[in-house]
Amino acid sequence: AITGTGFLVGALLEGWKMKGTITGLTGLGDAALSVLLTTLIITSILFSVFSFWGMPMSLVNILVGSFVGAGLAAGYSVNYAYLNMILFSWVALPVVAAIATVGCYSMTVRLLARMSPVGVGRFYLVAMPAIVFYTAYSLGANNIGMLHSSVLHGSQLLEILLLVLLPIASFFGVMKGGKTSMFVSEG
């Protein structure tokens, strides 16, 4: 329930902000229907295939790459400065996160070492739902927001396609999620 609420609240409150990512790549306000359809089809296929293979991937990474490929095939010009900024963030942010996590880990271990077992239990009782909600909120705002904002084109076909293909891709992701976790943790 916390996860679903987080997805919904994130998508509704902040998902619209992601429209700038798609329009920033081409400079066009609205992409052609064929570009959006191709983007959604390829995104769903690749998301399913990588999930089936148990390989970790980001839905937004696949969506942006698919959009750039479909846009190039349709003859759009790509804003390479903006694309480079996105690609740089995909490389730099995991490094920044790793450094921040080292510091946070040390503080968390020191904090928990000073607590009684009951205090640690209470901490987890409050912290875990908050972390799960925020993670779902962020995924809803980014992933679901990007998908939804990319189909705000006036065509009901895109909405229907999104409602059909994404759940199928998500189903494969959930069914093979354990394989992905094993790949990340042990591979």
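**Nonpolar patch, core and aromatic rings**

Modeller: In this predicted model, a nonpolar patch on the surface is formed by Ile41, Ile42, Ile45, Leu46, Val49, Phe52, Trp53 and Met55, whose accessible area together is about 660 Å².

Biologist: Is isoleucine 45 buried, partly exposed or exposed?

Modeller: Isoleucine 45, a member of that patch, lies in helix H3. Buried would require under 20% relative accessible area and exposed over 50%. Because its relative accessibility is 44%, isoleucine 45 counts as partly exposed.

Biologist: Which helix gives the most residues to the largest nonpolar core?

Modeller: This core has 17 residues, and those touching the most other members are Leu25, Val35, Val64, Phe67, Val68, Leu83 and Met146. At least two residues each come from helix H2 (19–26), helix H3 (33–53), helix H4 (59–73) and helix H5 (80–113). With six residues, the helix that gives the most to this core is H4.

Biologist: How many aromatic pairs are there, and is the pair of phenylalanine 133 and tyrosine 137 stacked, edge-to-face or tilted?

Modeller: The count comes to four aromatic pairs. For phenylalanine 133 and tyrosine 137, the ring centres are 6.2 Å apart and the planes stand at 35°. Stacking would need planes under 30 degrees apart and an edge-to-face pair over 60, so this pair is tilted.

Biologist: Which residues do ring pairs link into a cluster with tyrosine 137?

Modeller: Tyrosine 137 is buried, at 15% relative accessible area, and forms a stacked pair with tyrosine 134, with 6.5 Å centre to centre and 20° between the planes. Tyrosine 134 is exposed, at 57%, whereas phenylalanine 133 is partly exposed, at 30%. Ring pairs thus join tyrosine 137 in a cluster with Phe133 and Tyr134.

Notes: Residues numbered from 1 in each chain as written. Predicted model: local features only at pLDDT ≥ 70, side-chain atom pairs only at ≥ 80, totals over all residues. Heavy atoms only, no water. Core = buried A, V, L, I, M, F, W, Y, C linked by side-chain atoms within 4.5 Å. Buried < 20%, exposed > 50% of the residue type's maximum accessible area, 1.4 Å probe, protein only. Helix = DSSP H or I, 4+ residues; strand = E, 2+ residues; numbered from the N terminus. Patch = residues over 30% accessible without salt bridge, like charges linked within 9 Å, V, L, I, M, F, W, Y side chains within 5 Å. Areas by Shrake-Rupley, 256 points an atom, 1.4 Å probe, with all protein chains shown as cover. Salt bridge = Lys/Arg side-chain N within 4 Å of Asp/Glu carboxyl O. Phe/Tyr/Trp six-rings, centres within 6.5 Å; stacked < 30°, edge-to-face > 60°.
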